[in-house]
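Student: Could we go through this model by asking how each structural term is justified?

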Amino acid sequence: MTAWCRRLALPALIVALTLAAACGDDETDSALTPGATPTAASPVATFPMTVERSDGKSETFDAPVERIVSLSPGATEILFAIGAEDRIVAVDNQADYPAEAAAFPTKVDAYEPSIEAIAALEPDLVIVADNVGGIVESLDQLSIPLFYRDLDESVQTIDDVIEHVEILGALTDRGPAAETLASSLRARVDAVAEQMQDVAADEAPSVYHELDSTLYSVAEGSFIGSVYATLKAENIAGDGGGTLYPQLTQEAIIDANPDVIVLADEEFGVTIDSVKARPGWDAIAAVQNDRIYAIDPDIISRPGPRIVDALEQLAAQLYPEKF
Amino acid sequence: MQIAAFRSRPHAEDESPALITWRSIAPPLAAATALLLAIAAFAVSWGAADIDPRTTLAVLIDHLPFVSTSGFTATEDAIIWQVRAPRVALAGLVGATLAFAGASYQAVFRNPLAEPYLLGVAAGASLGATLIIISPLAVTAGVLSPLPPAAFAGALAAVALAYGLARAGRTVTPATLILSGVAVSSLATSAVTYLMLKYSERTLAVLTWVLGGFNTARWVEAGILLPYLAVAAVIVIVHARVLNVLQLDEDQARQLGVNVERVKLLVLAAASLATAAAVAVSGLIGFVGLVVPHVVRMIWGPDYRRVLPLSALLGASFLILADLVARSVDAGRETPIGVVTAFIGAPFFLFLLRRYSAPAFERV
């Protein structure tokens with residue numbers, strides 16, 4: 001969520017009220033060179049190990065890391081899933097899964113992370129998924145090694161997340177556990193893909209994915225959009241006109257007449273019933289056929305292991321006859 | 001179309017308040033009304049969904065009482081009647097309210113920078129909305145949402161506080177009131193900022209509200225705002241003549257037996273109430289309330305009996321147009337309305353400023 005929050009911050013500032021933008025409004029200058037693909041770590045960790053970053057730089061690690069500050073709730077979920085939680089010294093305050101992460105004693109603000117507080121923890125790895133407030137550059141100045149994969153720049157598919165599992169496993173000396181998790185995630189993705197094999201283009205449903213009650217959605221190029229692409233669904237937001245998180249007009253949504261509506265905004269008070277009650281929305285096929293579905297926004301927006309849960313849930317929703 | 005600066009000719013014979021007649025107000029009123037109707041008609045027939053004007057007309061006629069037409073689909077009906085028409089109506093009402101309130105504020109404060117958010121309406125409404133958004137109450141949506149009432153209450157509380165603080169004895173001087181409004185605004189804004197940081201998972205919801213706009217406009221919101229605008233319009237326009245006298249000299253007004261403090265309070269209260277209602281249903285939309293009254297003054301002169309109604313009509317036209325741009329510049333996607341109002345409003349205003357080089361508001 002932080003990523004599109006950051007995109008919202010700028011126009012918000014232009015508007016009359018000069019509220020301080022809590023998300024931080026700096027634009028990441030992480031120019032990932034098109035040809036450079038992140039190097040996959042081998043399951044058996046061999047140090048020194050080099051890990052690419054979203055901004056084209058890379059980090060070299062001579063030994064497994066011992067003290068991790070994770071500013072990415074998705075990466076935190078990965079660390080817990082591979083049993084590397086004993087190496088975490090702090091998580092960000094958005095981390096709420098698993099329960100141990102939510103209850104983690106040391107937390108760093110996700111939107112305004114304090115460099116000083118992070119440095120005081122003497123981490124040998126900071127995990128960053130969003131360069132909020134220029135934190136990447138600040139940590140570089142302190143020579144703190146980063147695992148920096150920007151959610152909007154270089155995390156495009158579920159495969160990328162599985163790669164994170166492998167890299168973090170190698171870095172934390174949890175290679176075998178990470179490999180087990182990675183293969184099981186891969187197997188589940190493959191199982192979905194297999195079921196989808198005989199879905200013809202014309203029977204794929206069209207989908208409207210709602211991020212909030214003012215009709216922000218996800219474009220095809222976004223991480224969430226890639227899940228729908230995997231499911232062959234037709235995303236009514238299309239390419240978003242160059243924005244990863246476009247705000248659709250109500251009229252365009254009704255006109256696009258999606259077969260399925262996926263709500264990721266129950267925390268904003270949007271419910272299946274409140275969507276049905278929106279004036280004019282009864283003309284939409286998804287409303288007429290009761291195909292509105294609420295999904296936990298955390299599992300579909302975070303680059304963590306539960307993204308595969310999201311994939312399976314959406315597959316079952318989009319193709320009830322197949323799953 | 002000569003511009004009258006009050007100071008330069010305080011005893012202007014040709015436009016002395018008593019001499020303006022209905023005949024001199026009617027032509028600009030008719031022109032502005034015609035413009036508004038034309039823009040509204042165009043806005044209703046233009047949108048992301050490609051629906052031809054004839055179908056649009058059929059849908060609109062079908063919703064008149066005792067008439068029924070055919071030749072359109074349920075989807076077309078939903079888009080025109082449930083989405084586009086209320087959106088245009090709400091944008092028009094909010095534009096009218098903000099511009100009218102801006103003109104009223106400028107009249108009371110005799111200050112060209114006065115605008116409807118001056119006394120803390122925006123910051124107060126933001127605080128009210130933020131408090132709801134961070135509370136568990138936020139988990140209700142739709143007509144029963146507590147957001148608009150909370151924003152409304154916050155806006156009124158801020159204005160009341162600013163007025164109460166500025167009141168020294170029996171009088172309230174404009175300068176003190178403005179400063180007090182600025183202070184209350186800062187206070188509320190800092191509280192909002194603090195809450196946004198403290199409840200960072202709700203930041204987005206707060207920003208979304210603050211940005212405002214008409215994407216989810218419904219008839220019910222237009223219905224809520226209309227009575228506020230109507231009442232405020234009657235109250236302020238009834239005092240338009242007094243406001244004219246006030247521009248010249250408060251003492252002169254007092255000598256004429258006008259209870260200056262009472263009129264000022266009444267006009268401010270009416271304008272603030274209407275603004276609070278507009279903000280509650282649409283969020284914060286800048287520029288309209290500040291600039292539209294100036295445009296009216298530049299074109300039609302400074303008489304408040306003209307400035308007030310014409311500001312409302314022109315403000316409605318302007319915001320409908322701005323919203324049309326906001327929803328069609330990037331087909332199917334929204335552009336923030338505040339960006340559009342400033343982006344098309346500012347150059348137009350600068351053009352007028354140069355063309356009618358004498359400022360219509362020469363005194364502060």
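The dialogue below sets the terms used for this predicted model against their criteria.

Student: What makes B:A280 a buried residue?

Tutor: A residue is called buried when 20 or more other C-beta atoms lie within 10 Å of its own. B:A280 has 26 such neighbours inside 10 Å, and therefore it counts as buried. The residue lies in helix α11 of chain B, which covers residues 260-282.

Student: Which residues does B:A280 touch, leaving aside those up to four places away in sequence?

Tutor: Its contacts are B:A125, B:P148, B:A151 and B:F152. A contact requires C-beta atoms within 7 Å. As for B:E334, which is 54 residues away along the chain, its C-alpha atom is separated from that of B:A280 by 20 Å.

Student: How many helices and strands does chain A have, and what share of its residues is buried?

Tutor: Chain A has 13 helices and 11 strands. Of its 323 residues, 52% are buried. Among its contacts between residues at least 6 apart in sequence, 60% join residues at least 24 apart.

Student: What makes β3 and β4 of chain A a pair of strands?

Tutor: Pairing requires at least two bridges between the strands. Strand β3 (residues 68-70) and strand β4 (residues 88-92) of chain A are joined by 3 bridges and run parallel, and the criterion is met. One partnership sets A:V69 opposite A:A90 in β4(A).

Student: To which sheet do these strands belong, and which strands are at its edges?

Tutor: They belong to an open sheet of 5 strands with parallel pairing, in the order β5-β4-β3-β6-β7 of chain A. The edge strands are β5 (107-108) and β7 (146-148) of chain A, each of which pairs on one side only. Inside the sheet, β3(A) is joined to β6(A) by 3 bridges in the parallel sense, with A:S70 partnered by A:I127 in β6(A). Another 3 bridges pair β6(A) with β7(A), also parallel, and there the partner of A:V126 is A:L146.

Student: Which way do the side chains of β6(A) point?

Tutor: A:L125 and A:I127 point one way, A:V126 and A:V128 the other, and all are buried. In a regular strand, side chains alternate between the two faces of the sheet. Helix α2(A) lies across β3, β4 and β6 (125-128) of chain A and runs at about 135° to β3(A).

Student: Which strands make up the sheet of 4 strands in chain A, and why are two of them called edge strands?

Tutor: The order is β9-β8-β10-β11, and the pairing of this open sheet is parallel. β9 (234-235) and β11 (292-294) of chain A each pair on one side only, which is what an edge strand does. Between β8 (residues 206-210) and β10 (residues 260-263) of chain A there are 4 bridges in the parallel sense; A:E210 has A:L263 as its bridge partner in β10(A).

Student: Where in chain A do strands run antiparallel and form a hairpin?

Tutor: Strands β1 (residues 49-52) and β2 (residues 58-61) of chain A run antiparallel and share 4 bridges, and A:T50 stands opposite A:T60 in β2(A). They form a hairpin with 5 residues between them, and A:G56 in the turn has a positive phi of about 90°.

Student: How is chain A divided into domains, and what lies where they touch?

Tutor: Domain 1 covers 46-184 and domain 2 covers 199-318. Contact involves 18 residues of domain 1 and 13 residues of domain 2 of chain A. On the domain 1 side, α2 (73-81) and α6 (158-171) of chain A are the elements that give two or more residues. By class, that side has 11 nonpolar, 4 polar and 3 charged residues.

Student: How confident is the predictor in chain B, and where is the pLDDT below 50?

Tutor: Chain B averages a pLDDT of 85, with 90% of the residues scoring at least 70. Among its elements, helix α10 (residues 250-255) has the lowest mean pLDDT, 81, and helix α13 (residues 304-328) the highest, 95. Over residues 1-17 of chain B the pLDDT is below 50, although this stretch has 30 contacts in the model beyond near neighbours in sequence. Where pLDDT is low, the predicted coordinates should not be read in detail. For the complex, the predictor gives an ipTM of 0.74 and a pTM of 0.79.

Definitions and conventions
Residues are numbered from 1 along each chain as its sequence is written. Chains are lettered from A and ligands numbered from 1 in the order in which they are written. This is a predicted model: local features need pLDDT of at least 70, side-chain atom pairs count only at pLDDT 80 or more; totals for chains, interfaces and linings use all residues. A residue is buried if 20 or more other C-beta atoms lie within 10 Å of its own, exposed if 12 or fewer, and partly exposed in between; C-beta atoms are placed from the backbone. Two residues are in contact if their C-beta atoms, placed from the backbone, lie within 7 Å. Domain bounds come from an automatic or database domain assignment. Ala, Val, Leu, Ile, Met, Phe, Trp, Tyr, Cys and Pro count as nonpolar, Asp, Glu, Lys and Arg as charged, and the others, Gly among them, as polar. pLDDT is the predictor's confidence in each residue, from 0 to 100. Axes are lines fitted to C-alpha atoms, for helices over the stretch in contact, and angles run from 0 to 180 degrees between N-to-C directions.
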